[in-house]
Structures are given as structure tokens and as C-alpha cells.
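Thank you all for coming. Please have a look at the structure on the screen before I begin, and keep it in view while I talk.

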Amino acid sequence: MERQIQKPTPISGFPEWLPAEKLVEQRFLDRIRATYEAYGFTPIETAAVERAEVLTSKGGMEKEIYALSRLAAGEGEESETGLALHFDLTVPTARYVALNYGQLTFPFRRYQIQKVWRGERPQAGRFREFYQCDIDVIGDGQLSIVTDAEIPAIIYDLFRELAIGDFVIRISNRKILSGYLAHLGCAEDAVNGVLGTIDKIEKIGADKVRSEIEASGALSAEALDKVMALIATRRSNEELISHLYSVSGNERFTTGVDELAEVVEAVAALGVPDSHLEIDLTIVRGLDYYTGTIYETRLVDHPEIGSICSGGRYDDLASHFIDKPLPGVGISIGLTRLLSSLFKAGVVSASAQSPAPVLVTTLEREQTGEYLKLARYLREGGIKTEVFLEPKKLGQQLKYADKKGFRFALIAGGSEFEAGTVKLKNLVTGQEQTVAVGQMVHVLHQKLAQE
RNA sequence: GUGGCUGUAGCUCAGUCGGUUAGAGCACCAGAUUGUGGAUCUGGGGGUCGUGGGUUCAAGUCCCAUCAGCCACCCCA
């Protein structure tokens, strides 16, 4: 019988991390969860699929949505299921909140860490399957503007904890520019187009932004000058806010400035230093469903990575599903993109292939029970431990430990068993130390804490 | 979705003007005297050259198709 071997190929855009990388991802996920919960957010999870019409209710994303169908259907049966994989977590959340409106308590604070799928053409940093780590606060009819200040505080706490280098949270309020544009005579239906152009300023430069807006004819030459002057001038947060108060605009503009000023003040009260929060009127976020505060975060030393998390305030989460205004504010971390960028940039390295720091080596087959017992003591003492079970020479066992990134090898043979001791070998420094079995948990805890 | 580039070992790639049994580095496996890893040395396994067709005495090499991958745009996390 001939065996057909199918060549295993990766599927582009569907990343599968190696163990060392997956361990880093788990560590990140743990910290993201812990930080979200520290601010009182509660986890929810929604189905991987939604009814197709639910996903398309916002419009525009059809081409990116993977639909579900059965490979084969019986006579007269429909192979289409009418279901499709969710492409973000916002639409499912809206549906979930509307569905469970009566059972949820508002303001509803939820976090949601799930995979999403998009039928895009993949390339570096762009995936077809990836994790989003969302938090949102959703109010029933109203939601304090101070909530908008909690989001940067959470981001600040989290990225400091993740230790992936210096970062800056950029913040703005959509009402400011859109109000200003309207005030300067830009037609309402042209405002989003102009904002979209301004959003590209980092990529294409101020000159091209100007000529693109000019070409669109949305603004008079005089108005364009004013807009460019406002967005292109660098100012400190304090200077910019006082400058904005001196600029004349319409009511929307003024509301935006008031909101931004209040948020920035509250962010400071939450302990985020000025150095990590930057008001930047050029960030607008492509999605026009944001209506107020908007955020982006980037790494200072790696601007090429782009925004590592972004979000904002919206007036109404679930108008498609429920006849009640549900304003909210939230943010999403694209964990898969973040990690792949960090690996590529060398900001984090994935080296350890085992979550356990200790490998118990085995020298004598007839003492297997003793080795297993040693491992049990270590685990009972809270130390993750693996036992090497294959009949190989010590040298090969240490090589295995080295490759998998264990930090300590525990070595014991005849003489150690007789004396009731074990040898602890530090695999980084090569140093060895003999300790009594009763002391080994204590000693290891000390040594691991030192690193 | 639009445009460009590339497919040779697990990975990164070399392979001349078409010419004999297709190469390197890394990785992997084994060994270099009894219970000590990362280095070095020696040896070893592994490829129907993405797939299908065509041209030719002869194709990894040229042509066509197809599939896959990468990059840019678009969109965004």
C-alpha cells in the first residue's frame, strides 16, 4: 500500500506560532486580561459566527467577510448556512448588548479577547486570522466623558507592564476638526473625506494632504490654509488646548475642545505622565462611526510598526439592533500584528520553549520513582517542572535542556540519593550547587526571583 | 479587490550559454572512553527542482497555463 504524503503548507495570513512564540503570546494575554480586570472590566465571549446580515448591517465590509457553507449538500438542500465569521468584535458586541439589554447592568464594562477573520490579501503585519483584545464601556443613554480618560490610563498601565519600550498615546477628538471644517464652509458630506485625507499626513506628508484636499474642492483656499495651520503646527498639550480656545469655531468644535480638555485633565489625574500622552489633531481614525475622543498608540523607537492599539468614543453602539441610544468608548489591541511586529523588530525575543524553569534529569533507570517524586515536590512548591524520561546520556539531557531554554537542571544519582541531596545546575552560568532535598524548593524560589 | 516580483532540502539560498549521479550554510541524527549542555571536529539522513503541459537529442535552466508565496496600493488591528 502506498502512502500518499500531502505536503504540509502554511496558509498565508493564518499565523501559527512556534512554541517559544506562543509562550510569549500567552504571557501577553495574561497581562492584558489582568490589566483589563484591574479596571473592573468583565470578560465576555461571542460566537465565532454571526448571521451574515448582522455583519453586513454596517455596510462596506462585504468583500472581507468569510461566509460559512457546507462542502456538500443533499438534493434540494442549501449548502449555504447564512452564517459568516466575524471580522471584528464591535458588531458582535452590539448584537450581544442589544440581545441581553435587560440582563446587563450599565455602564456595561466588558473586555473581549477573541480571534477575528478578514478575507484580505495578507502581507507582513496583515493577517486573515488574528486576535483582537477589546475593551469597551457602554452606557445606557449617557456615559460620562471621564470614562474616555480611563482608556489611555489602561493602555499606559498595560504597555508599561509589557515592557516593550517607550510609547506614546495620541489622542484627539473628532468633533474638533469636523466642527472646524464645517465652520469653514466644508459641506457635511465632504467632511469625512477631508478627515480621511488628513489621516494620511504621516504617510504622504502635509504637502500632499494639502494638494489632495485642494483637488477635492471641499474647502476654499483660505479655509485650507487655516486647517493646515491648525494641524501642522506642533504644540505642547497645554499650549494646544489654550490655542484651541482662542480659535473661533462652531458649537461642535467648542464641544470637542471642552471634551478634550476634560479628558486630558482626567488622564493626568489617573497617573499617566504628560510625556506619554500627546494631543494630535491629525489622527482621525478611518471608521466614521467614532464621534468624539479617538486614540492611537505607537512605539517611540519603532514608528514603522504604526498604531499598536486604537479606538475611540461612539454615540450609538447598537442602533441597528435596539431602539435605545447606547453610547460607548473603547479600544482594541491587534495582538497578532503587535507580536509579529515585535518579533520582527527584535523588541521581544522568543527563546524559551518551555514554561517550566526546571528540568529534572534522570541518571539511573531504577531510581525513576525518586526522580518523579522530586518533580512532585517541586510542583507542590509552586515550581513548574519537567522530568526527562528518555534513556539518554546526561550530556544529551543537558543539551535538550539548553535547547528548550530551561534555567535549571536538577541532577541526582547514587551519591546524592545517599546523602539526601540534589545538584542544581544553573544552565545560564554553568554553576552547580548541592542542596538538601528539603531545601531545594526554597533555594530555587530564591534563585528564580533573582533573575 | 488592483498592480509588480518570486517558487530548488525543514529554513536561507547557489546552480554559468539548456548538457552526466542537483550543491552550500544553518537545522536535524550519531560519534569523539563510564554523571555535565552551549564551542570544535568527524560521519550520516534528507530534494521526482510548486503543479500540469509544450519546445528540444537533452529542461532546475526556455515558453504557456495553473497554484502558492512575497511586496505595493486599498483597507485596517
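Let me start with a single residue, A163, which is exposed, with a relative accessible area of 57%. Please keep in mind throughout that what we are looking at is a predicted model. A163 sits in the loop between α4, which covers 147-162, and β7, which covers 167-173, and its phi is near 55°, a positive value in a residue other than glycine. As background for those new to this, most residues other than glycine have a negative phi, and most peptide bonds are trans. With that in mind, there is also a cis peptide bond to point out, the one that joins F106 and P107, where omega is about -5°. P107 belongs to the loop between α3 (90-99) and β5 (108-117).

Next, let me turn to a pair of helices. Helix α5, residues 174-183, packs against helix α11, residues 251-269, at an angle of about 160°, and their axes are 7 Å apart. Because angles over 145 degrees count as roughly antiparallel, α5 is roughly antiparallel to α11, and the crossing of the two is left-handed. Which residues of α5 meet α11? They are K175, I176, S178, G179, Y180 and A182, and on the side of α11 they meet R252, F253, T255, G256, V257, E259 and L260. Sorted by character, the residues of this contact comprise six nonpolar, four polar and three charged.

Finally, some words on charged pairs, since the structure holds 21 salt bridges. In one of them K115 pairs with E129, with the closest N and O atoms 3.7 Å apart. K115 lies in strand β5 and E129 in strand β6, so this pair ties together parts that are 14 residues apart in sequence. Are the two partners buried or exposed? K115 counts as partly exposed, at 30% relative accessibility, while E129 is buried, with a relative accessible area of 16%.

Another salt bridge brings together the side chains of R126 and E120, at 2.7 Å from N to O; here R126 is partly exposed at 29%, and E120 is buried at 15%.

A further example lies within helix α13, where E370 and K373 are three residues apart and therefore separated by about one helical turn. Their closest N and O atoms are 3.6 Å apart, and E370 is partly exposed at 32%, as K373 is at 33%. Lastly, salt bridges that share partners join R170, R234, E278, D280 and E296 into one network.

Key: Residues numbered from 1 in each chain as written. Chains lettered and ligands numbered in written order. Predicted model: local features only at pLDDT ≥ 70, side-chain atom pairs only at ≥ 80, totals over all residues. Heavy atoms only, no water. Axes fitted to C-alpha atoms, helices over the stretch in contact; angles between N-to-C directions. Helix = DSSP H or I, 4+ residues; strand = E, 2+ residues; numbered from the N terminus. Parallel < 35°, antiparallel > 145°, perpendicular 65-115°, else oblique. Left-handed = near helix turned anticlockwise from the far one by under 90°. Contact = heavy atoms within 4.5 Å. Nonpolar A, V, L, I, M, F, W, Y, C, P; charged D, E, K, R; others polar. Buried < 20%, exposed > 50% of the residue type's maximum accessible area, 1.4 Å probe, protein only. Salt bridge = Lys/Arg side-chain N within 4 Å of Asp/Glu carboxyl O.
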